[in-house]
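Please open the model in your viewer and keep the sequence panel visible beside it. The tour below proposes one selection after another and states what is found at each stop.

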Amino acid sequence: MYYYPLNPPYFLLAVGLFIALTSGAALSGTLKLIMEKMQLNSVEKLGSRFWSRKLFVPFLGIAGGVCLFLTSGFEIFGFPPFLAYIIGVPISLLTSVLVWLQLGSMLAFIERQGMTSLDLDSMP
């Protein structure tokens, strides 16, 4: 049997996109400040606790916004709300965890090797 919602969650789709975009802008600005601080304090290591506390709240906003956007999109395309959340929440949470681990890995690598280690154009 085909399910079509009487009131598709277009508003929640827009809210999720707005939350993800504004949190992404906040994460970008915070990441730029952390990179500037890493360049200035090249002798003194900042440690992962410094940057993880600063980046966690904007990243959590991105993850929540993407989750809301994804589940609302599933509902708009005809999934029942329960099924949309069963599919959308694990996908967005797993993706968010993997991105967070990759971001932490890259920041730790930059802290160990320096910013020039990421410059691929200068490699022979």
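## First stop: helix 1

Select S23, which is found in helix 1. This serine has a relative accessible area of 13% and is therefore buried, the cut-off for that class being under 20%. Please note that the model is a predicted one. Which residues does S23 touch, once those up to four places away in sequence are set aside? They are P58, G61 and I62.

Now extend the selection to the whole of helix 1. Its 31 residues should span 45 Å at 1.5 Å a residue, and its end C-alpha atoms are 45 Å apart, so the two values agree. Colour the buried residues of this helix: G16, A20, S23, L27, T30, I34, M35 and M38.

From that list, pick I34, which is found in helix 1. I34 counts as buried because its relative accessible area is 2%. A distance label from I34 to L55, C-alpha to C-alpha, should read 9.3 Å, although 21 residues separate the two in sequence.

## Second stop: the segment before helix 1

Move to P9, which lies in the segment before helix 1 (10-40). Is this proline buried or exposed? Its relative accessibility is 11%, so P9 counts as buried. Display the surroundings of P9: leaving out residues up to four places away in sequence, P9 touches S72, E75 and I76. P9 and S72 are 63 residues apart in sequence, yet their C-alpha atoms are 5.8 Å apart in space.

## Third stop: helix 2

Select G65, which is found in helix 2. With a relative accessibility of 0%, G65 counts as buried. What does G65 touch, not counting residues up to four places away in sequence? Its partners are G16, I19 and A20. Two of these glycine and alanine partners, G16 and A20, are also listed among the buried residues of helix 1. For a distance across the sequence, label G65 and L21: the separation is 44 residues in sequence and 8.1 Å in space, C-alpha to C-alpha.

## Fourth stop: helix 3

Select residues 81-113, which form helix 3. At 1.5 Å a residue, its 33 residues should span 48 Å; the end C-alpha atoms are 47 Å apart, and so the expected and computed values agree. The buried residues to colour here are A84, G88, S92, S96, W100, L103, G104, L107, I110 and E111.

Within helix 3, centre the view on S92. S92 has a relative accessibility of 4% and therefore counts as buried. Apart from its neighbours within four places in sequence, S92 is in contact with V66, C67 and L70. The C-alpha atoms of S92 and L70 are 7.7 Å apart, with their positions 22 residues apart in sequence.

Then step past the end of the helix to G114, which follows helix 3 and has a positive phi, near 95°.

## Fifth stop: the nonpolar core

Show side chains for L27, I34, M35, M38, W51, L55, F59, W100, L103, L107 and I110. These eleven residues make up the largest nonpolar core. Which elements give two or more residues to this core? They are helix 1, helix 2 (48-76) and helix 3. In soluble globular proteins, nonpolar side chains tend to be buried together. One member, M35, touches L107, I110 and M115 when residues up to four places away in sequence are not counted.

## Sixth stop: a nonpolar surface patch

Turn to L101, which is found in helix 3. Is L101 buried or exposed? Its relative accessible area is 55%, so L101 is exposed. Add L94, V97 and L98 to the selection: together with L101 they make a nonpolar surface patch of about 400 Å².

## Last stop: the whole chain

Finally, select the entire protein. From the N terminus on, its elements run α-α-α, with three helices and zero strands. Of its 124 residues, 31% count as buried. The accessible surface comes to about 8,600 Å², and 72% of that surface belongs to carbon and sulfur atoms. Among contacts with a separation of 6 or more, 72% are between residues 24 or more positions apart.

How values were computed:
Residues are numbered from 1 along each chain as its sequence is written. This is a predicted model: local features need pLDDT of at least 70, side-chain atom pairs count only at pLDDT 80 or more; totals for chains, interfaces and linings use all residues. Side-chain values use heavy atoms; hydrogens and water are left out. Helices (H or I, at least four residues) and strands (E, at least two) are DSSP runs, numbered from the N terminus. The expected span of a helix is 1.5 Å times one less than its number of residues. Buried means under 20% relative accessible area, exposed over 50%, partly exposed in between (1.4 Å probe, protein chains only). Contact means heavy atoms within 4.5 Å. Accessible areas come from the Shrake-Rupley method with a 1.4 Å probe; for residues, only the protein chains shown count as cover. A nonpolar core is a set of buried Ala, Val, Leu, Ile, Met, Phe, Trp, Tyr and Cys residues joined through side-chain atoms within 4.5 Å. Patches are made of residues with over 30% relative accessible area and no salt bridge: like charges are joined within 9 Å, nonpolar side chains (Val, Leu, Ile, Met, Phe, Trp, Tyr) within 5 Å. A salt bridge is a side-chain nitrogen of Lys or Arg within 4 Å of a carboxyl oxygen of Asp or Glu.
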